[in-house]
Amino acid sequence: MFHATLHQLKVFEATARHGSFTRAAEELYLTQPTVSIQVKQLTKAVGLPLFEQIGKRLYLTQAGQQLLDTCQRVFEGLEQFEMAIADIKGMKQGQLRIAVITTAKYFVPRLLGPFCQRFPGIDISLKVTNHQNIQERMANNEDDLYIISQTPEQPDLKIHPFLENPLVVIAPKNHPLVGQKNIPIKALSGEQFIMREPGSGTRQAVQSLFDEHDVEVKVRLELGSNEAIKQAIAGGLGISVLSVHTIISEGTTGEFAILDVEQFPIERHWYVASLAGKQLSVVADTFLNYLLEESQPMAQKLLPDIKLATTTAVDEVDPKLVASGK
Ligand code: PGA
């Protein structure tokens with residue numbers, strides 16, 4: 001029978017995550033010798049080395065990797081248990097981890113405000129990044145819920161669409177195409193264009209539409225943030241295609257105009273997703289239900305000025321994409 005204390009497993013997990021005794025010690029407020037003694041004792045209990053040291057960094061052995069996977073399951077189970085007990089006691093309490101694509105940062109924090117007021121015992125960590133990084137986080141099971149606008153082939157997900165997320169052509173207010181109707185998409189050929197970074201879902205959607213219509217824009221600049229792109233547009237560096245949510249706070253009265261280009265908006269939706277094999281915690285399930293109920297009314301309050309310019313209602317989305325049961 002394998003004998004290890006929960007404390008040893010926590011020390012091991014932190015060491016594996018950081019690849020370093022020193023960094024694990026810092027995180028856990030322990031001394032470095034204490035951490036290495038705990039790992040030594042655990043190694044003895046397992047009967048096989050858990051780490052290999054190459055240079056300064058520690059790498060997991062096969063046994064170490066198996067133990068790490070087991071630790072993660074144990075900790076997750078305990079966390080779920082704590083939340084379930086709090087729920088039985090009539091409280092919603094625990095940690096909620098959400099990772100969202102860059103455009104959702106313009107909306108999700110607005111929802112989180114009233115959610116946190118309603119459930120003050122829930123602590124939230126919100127990670128904002130692009131689709132490629134979200135997919136990596138999914139592969140490592142790092143979060144409870146994800147907000148995305150295109151679904152990866154892997155891993156298997158349960159998904160629910162909840163709001164439109166159209167992509168529009170954004171130009172500075174004084175651009176010569178502003179005010180023209182039904183601009184042919186070909187007219188964008190040769191325009192100075194500002195593109196999102198590789199790994200961005202926005203970039204992928206734009207690129208495939210341009211490829212489909214043989215449009216070749218001059219990519220003047222590649223930027224890893226919607227806000228930076230807006231600054232570049234305002235600075236006269238070119239035009240871009242961004243989610244309409246990125247300019248909602250400015251409206252179309254600010255420095256930007258939405259060009260009326262054929263084939264636009266590119267109609268997309270935000271989906272809330274979780275790993276298909278993962279049992280949602282009480283807290284994650286509470287947030288999921290809140291999001292599905294409150295996002296439409298909240299959007300109507302926040303987005304009255306900008307027509308989302310899409311005729312696809314959320315419930316008209318391909319039913320294959322919609323998880324059953326919710
Ligand atoms: P991205 O996704 O940050 O990966 O470009 C944004 C979106 O699809 O709305």
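Student: How much space lies in the largest pocket, and what makes a set of grid points a pocket?
Tutor: The largest pocket holds about 1,100 Å³ of space. On a 1 Å grid over the protein atoms alone, a pocket is an open set with protein on both sides within 12 Å along at least five of seven lines, whereas a cavity is a set of points where a 1.4 Å probe fits but cannot get out. The volume is the space filled by probe spheres set on the points, which are joined across faces, edges and corners.

Student: What am I looking at, and how are residues numbered?
Tutor: It's a predicted model, so local features need pLDDT of at least 70 and side-chain atom pairs need pLDDT 80 or more, while totals for chains, interfaces and linings use all residues. Residues are numbered from 1 along each chain as its sequence is written, and side-chain values use heavy atoms, leaving out hydrogens and water.

Student: What makes a residue part of the lining, and which ones lie nearest the centre of the largest pocket?
Tutor: A lining residue has an atom within 4 Å of a point. The largest pocket has 36 of them, with Gln72, Phe75, Glu76, Glu79 and Arg97 nearest its centre. Helix H4 (62-88) gives the most, 13 residues. Helix H1 (6-18), H2 and strand S3 (94-101) also supply at least two each.

Student: How do you know what counts as a helix or a strand?
Tutor: Both are DSSP runs numbered from the N terminus: helices are H or I with at least four residues, strands are E with at least two. By that rule the protein chain has nine helices and 12 strands.

Student: What classes make up the lining of the largest pocket?
Tutor: There are 15 charged, 12 nonpolar and nine polar residues. Ala, Val, Leu, Ile, Met, Phe, Trp, Tyr, Cys and Pro count as nonpolar, Asp, Glu, Lys and Arg as charged, and the others, Gly among them, as polar.

Student: And how many cavities are there?
Tutor: One of 30 Å³ or more. The largest cavity encloses about 70 Å³. Its lining has 13 residues, and Ile101, Thr102, His131, Gly201 and Thr202 lie nearest its centre. By class, that lining has 10 polar, two charged and one nonpolar.

Student: Why is Thr103 called buried?
Tutor: Buried means under 20% relative accessible area with a 1.4 Å probe on protein chains only (exposed is over 50%, partly exposed in between). Thr103 has 3%, so it's buried. It's in the loop between S3 and H5, and it touches Asn165, Asn226, Ser243, His245, Thr246 and Trp270, leaving aside residues up to four places away in sequence. A contact here means heavy atoms within 4.5 Å.

Student: Why does Ile266 count as buried?
Tutor: Its relative accessibility is 14%, so it falls on the buried side. Ile266 is in the loop between strand S11 (256-259) and strand S12 (269-275). Setting aside residues up to four places away in sequence, its contacts are Asn165, Pro166, Leu167, Ala205, Val206 and Leu209.

Student: What makes Phe21 and Phe51 an aromatic pair that is edge-to-face?
Tutor: Rings of Phe, Tyr and Trp (its six-membered ring) pair if their centres lie within 6.5 Å; planes under 30 degrees apart are stacked, over 60 edge-to-face, the rest tilted. The structure holds nine such pairs. Phe21 and Phe51 are 6.4 Å apart centre to centre with 80 degrees between the planes, so they pair edge-to-face. That pair links helix H2 (residues 21-28) to strand S1 (residues 51-54), 30 residues apart. Phe21 and Phe51 are both buried.

Student: How do you know Phe115 and Phe287 are edge-to-face?
Tutor: Their centres are 5.0 Å apart and the planes make 80 degrees, so the pair meets both cut-offs. Phe115 sits in helix H5 (residues 108-118) and Phe287 in helix H9 (residues 282-302), 172 residues apart. At 0% relative accessibility, Phe115 is buried, and Phe287, also at 0%, is buried. Ring pairs link Phe115, Phe119, Phe287 and Tyr290 into a cluster.

Student: What makes the charged end of Arg57 sit over the ring of Tyr59?
Tutor: The rule wants NZ of Lys or CZ of Arg within 6 Å of the ring centre and within 35 degrees of the ring normal. Arg57 is listed as sitting over Tyr59, at 5.5 Å from the ring centre, so the distance cut-off is met.
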